Amino acid sequence: MADRSSMIERPEPSPIVSLDEGISLIESGEAPDDICVDIGSDTLLRADGVKGLSGLLQRLRGHRMILSLSSGEIAPSVVPMRSGKPDMHPDVAAILDALKDQG
């Protein structure tokens with residue numbers, strides 16, 4: 001029998017969900033922090049980036065949009081990747097505003 005003093009008990013991993021199910025769970029606020037999403041081709045995505053679940057949601061929506069575009073159809077489930085305006089450095093915003101005023 002193995003020496004139990006060196007064994008580490010790991011928590012139960014969360015279940016692996018599909019792309020659409022993962023997006024739905026995150027959008028509804030019901031996704032666990034350790035959600036694991038299968039996007040096909042043995043590729044699993046997790047919310048392990050700096051932006052957590054919101055970053056994962058953005059990646060999943062982008063992947064779904066690319067899949068939809070590559071299949072030649074736009075599905076009603078494809079939604080914009082971001083709500084509102086994109087984040088922009090203040091210097092970039094000032095340059096773009098100046099260019100808009102010149103034009």
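This is a short dialogue on reading salt bridges and a surface patch in a predicted model.

Reader: Happy to start with the charged pairs. How many salt bridges does a search of the whole structure find?

Author: The general idea is a distance test: a side-chain nitrogen of Lys or Arg within 4 Å of a carboxyl oxygen of Asp or Glu. Searching the whole structure in this way gives two salt bridges.

Reader: Let's take R64 and D20. What is the N to O distance in their salt bridge?

Author: Their side chains meet with 3.3 Å from N to O. R64 belongs to helix α2 (residues 52-70) and D20 to helix α1 (residues 19-28), so this pair ties together parts that are 44 residues apart in sequence.

Reader: And is R64 buried or exposed?

Author: A residue under 20% relative accessible area is called buried. R64, at 11%, is buried, while its partner D20 is partly exposed at 43%.

Reader: Which residue forms a salt bridge with R61?

Author: That would be E27, with the closest N and O atoms 2.7 Å apart. Here R61 sits in helix α2 and E27 in helix α1, so the pair ties together parts 34 residues apart in sequence. As for accessibility, R61 counts as buried at 16%, and E27 as partly exposed at 42%.

Reader: Now away from charges. Which residues form the nonpolar patch on the surface?

Author: For a patch, we look for residues with over 30% relative accessible area, and nonpolar side chains are joined within 5 Å. In this model V92, I95, L96 and L99 form such a patch, together offering about 360 Å² of accessible area. To find one of them on the model, look for L99 in helix α3, residues 90-102.

Definitions and conventions: Residues numbered from 1 in each chain as written. Predicted model: local features only at pLDDT ≥ 70, side-chain atom pairs only at ≥ 80, totals over all residues. Heavy atoms only, no water. Patch = residues over 30% accessible without salt bridge, like charges linked within 9 Å, V, L, I, M, F, W, Y side chains within 5 Å. Areas by Shrake-Rupley, 256 points an atom, 1.4 Å probe, with all protein chains shown as cover. Helix = DSSP H or I, 4+ residues; strand = E, 2+ residues; numbered from the N terminus. Buried < 20%, exposed > 50% of the residue type's maximum accessible area, 1.4 Å probe, protein only.
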